[in-house]
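Trainee: I would like to go through this model and ask what stands behind each label. Please set each value against its definition.

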Amino acid sequence: MGPAAILRGQFQAFPGYRQEGVFRWDKRGPTETIGSRVGEIPRGTLTEIAGPASSGRMTFLHALLAAVCAGQEFCALIDAEDAFDPASAAAAGVRLSQVLWVRCGGNVEHALKAADLLAQGGGFGIVALDLAESPARITRRIPLASWFRLRRAVEHTRTAFVSIGQQIYAPSCSTLKIELRWDRTLWRGHIPAKLLRGIGITAQRTRNHQVGQEQFTL
Amino acid sequence: MFACLHAPGNAALLVECARNYSPRIEETSPDTVVFDVLGLGLIFGAPHHIAAEIHRQVGLPANIALASNPDTAVHAARGIKGVTVIPPGQEATMLASLPLYLLGGSPEFAAAMDAWGIRTFGELAVLPRPGIAARLGDEGLYMQRLARGEGDRLLRLQDKPLEFQEEMEPDDPIELLEPLMFLLSHLLHTLCARLSSHALAAHEIHLLLKLERAPDHTATLRLPVPMLDAKVFLKLLQLDLSGRPPQAPVKKIRMRLTPVQARTMQHGLFLPSSPEPEKLEITLARIRNLVGTANVGAPELLDTHRPDSFRRGPLCLAKQPNAPAARSRQGLRRFRPPQSAQVFCTALGHPAKIVSAKAQGRVIAFAGPWRTAGDWWTREAWDWEEWDVEIANGLLLRVHRDCRIEKWFLDGNYD
């Protein structure tokens with residue numbers, strides 16, 4: 001009998017011993033997250049945010065970027081279709097000098113390569129890949145291996161990789177999937193002093209096959 | 001403690017060698033350099049170890065002398081071959097046998113010494129001071145102090161601007177990038193070693209390639225932070241040259257690094273992570289090669305009311321003040337350039353239906369118009385009427401009517 005077995009025997013002989021409590025070991029440890037006003041996303045993994053146009057995807061991204069900037073970290077945004085609006089991002093609390101903005105002019109392949117380089121480089125709080133305006137016939141053809149490569153690049157780092165698209169492209173690869181759906185548009189006042197107040201959305205979060213749903217106004 | 005190097009005909013090499021040990025250098029004459037070695041004892045140990053290290057570094061037959069004052073070191077180096085270390089208090093003894101012409105001085109002083117039969121430092125040193133003062137004045141007393149090794153002057157420093165430039169002219173013009181990178185690597189390592197010896201770093205790399213039967217090829221790389229890593233510089237140059245290769249074989253290479261103070265950084269366990277500047281610069285160079293230089297950077301809003309006005313700025317890796325509080329929450333996804341649209345309006349001028357390639361449908365709610373105009377004194381004048389509209393399928397759009405040309409455009413959608 002080896003020393004480990006002897007030690008285990010002594011533990012088992014101890015009154016009140018519960019085997020599962022002593023020898024269970026959670027290798028994963030607590031997950032770090034980026035907390036924002038629209039919810040938390042985990043670091044070191046791939047998160048997908050999907051939804052149709054005007055479902056709050058960009059507002060969601062702005063909230064995440066603002067949360068990362070507030071923590072004195074840096075953000076990388078790979079903008080496949082050159083759709084990012086710096087003015088509205090600044091108004092949402094994003095510190096633009098901490099955002100590396102890569103404009104790919106509609107080339108999804110370049111966007112994927114740039115995302116890979118930035119994820120491999122490390123040091124960013126968040127690397128966001130915006131494919132929301134890219135044609136679905138192209139984004140659907142992105143091989144699953146590319147998504148796994150991106151996820152692998154940020155594993156065991158403090159970088160959160162976020163992909164934004166019209167639909168979930170890599171369900172087996174992303175740790176967290178957030179599907180957004182437009183519910184209603186909120187207006188305030190009457191013509192001619194009418195103002196757009198926001199949009200009401202429903203967010204369905206899927207993680208570890210557990211689905212949660214919440215509704216909020218952006 | 002001062003060290004003196006004396007080697008006829010090698011002034012540049014002597015200065016270069018001296019710069020490896022001290023920034024306080026005096027070029028006494030074209031064949032003699034004296035410099036301050038105070039503090040080198042902490043690195044090399046006793047004075048004879050310092051002398052041996054300098055002798056090893058020089059790499060040519062030169063006389064080296066270490067003494068407690070510059071004049072004694074200069075005289076010893078000029079008069080005694082090899083390595084000489086003069087301990088403090090023994091200057092007069094060590095210099096006694098040196099010939100008097102090494103002292104220099106005016107022709108009258110030299111004539112007087114010749115007439116008196118004084119031939120060595122030792123003979124001058126033992127003469128009575130009152131007699132010297134009466135016959136030769138201040139110059140005589142000064143020369144006697146030098147002969148005794150009692151000089152106490154300061155170094156006459158020359159503050160020459162440091163230049164870190166190297167040139168290379170290969171035997172045959174270089175046509176391929178690979179052998180060119182090999183030569184650039186050699187130049188970069190040399191320049192970085194020189195910068196390192198001065199505790200400096202570089203923040204600009206200037207490369208000039210003289211081409212065969214073609215205009216010169218130049219490349220200037222501006223680094224976000226001072227760096228001193230030849231491998232990083234080489235990778236950046238490689239990426240730059242592969243994206244914009246020379247148009248003809250290279251017959252001469254000239255490289256210059258702009259020196260700046262090296263970056264010092266305090267690391268901490270609880271500081272937020274940030275990209276390593278060296279690694280980030282290489283990553284950005286790769287991405288610039290991919291998507292173009294104008295498409296990579298941190299956005300910077302311009303001080304104007306013109307919609308969608310920004311410019312590309314550098315990513316600032318320094319600590320920033322707190323982020324501004326959020327003023328608005330609605331994100332806008334822009335169409336660049338704005339999409340031309342056909343908008344049908346009601347009798348009151350409100351948008352009723354939109355038809356365009358990006359979106360089409362009946363308008364069910366709207367807000368506006370918001371009038372903006374500006375730059376009317378330039379050709380880039382604008383006069384817009386902006387509307388926020390919701391169309392039947394739930395799409396929220398920002399549209400504008402260009403009042404100058406009476407056309408409608410889709411700016412983007414709220415997302």
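Mentor: Start with a strand pair across the chains: strand 5 of chain A and strand 10 (residues 296-301) of chain B run antiparallel and are joined by two bridges. This is a predicted model, in which local features need pLDDT of at least 70 and side-chain atom pairs count only at pLDDT 80 or more, while totals for chains, interfaces and linings use all residues. Residues are numbered from 1 along each chain as its sequence is written, and chains are lettered from A and ligands numbered from 1 in the order in which they are written.

Trainee: What makes strand 5 of chain A and strand 10 of chain B a pair?

Mentor: Two strands pair if DSSP finds at least two bridges between them. Two bridges join these strands, so the criterion is met. Strands here are DSSP runs of E, at least two residues long, and helices are runs of H or I of at least four, both numbered from the N terminus.

Trainee: Which residue of strand 10 of chain B is the bridge partner of A:Trp101?

Mentor: B:Gly297 is the partner of A:Trp101.

Trainee: How many residues does each chain give to the contact?

Mentor: Chain A gives 57 residues and chain B gives 49, where contact means C-beta atoms, placed from the backbone, within 7 Å. On the side of chain A that touches chain B, helix 3 of chain A gives the most, with eight residues. That side has 29 nonpolar, 18 polar and ten charged residues. Nonpolar means Ala, Val, Leu, Ile, Met, Phe, Trp, Tyr, Cys and Pro; charged means Asp, Glu, Lys and Arg; the others, Gly among them, are polar.

Trainee: What secondary structure does chain A have, and why is chain A called more spread out than a compact globule?

Mentor: Chain A has seven helices and ten strands. Its radius of gyration is 21 Å, well over the 17 Å that the globule rule gives for 218 residues, so chain A is more spread out than a compact globule. The radius is taken over C-alpha atoms, and the rule is 2.2 Å times the number of residues to the power 0.38. Along the principal axes, the C-alpha trace of chain A spans about 85 × 40 × 35 Å.

Trainee: Why does B:Ala347 count as exposed or buried?

Mentor: A residue is buried if 20 or more other C-beta atoms, placed from the backbone, lie within 10 Å of its own, exposed if 12 or fewer, and partly exposed in between. B:Ala347 has 6 C-beta neighbours inside 10 Å, so B:Ala347 counts as exposed. B:Ala347 sits in the loop between strand 12 (332-345) and strand 13 (351-355) of chain B.

Note on methods
Contact = placed C-beta atoms within 7 Å.
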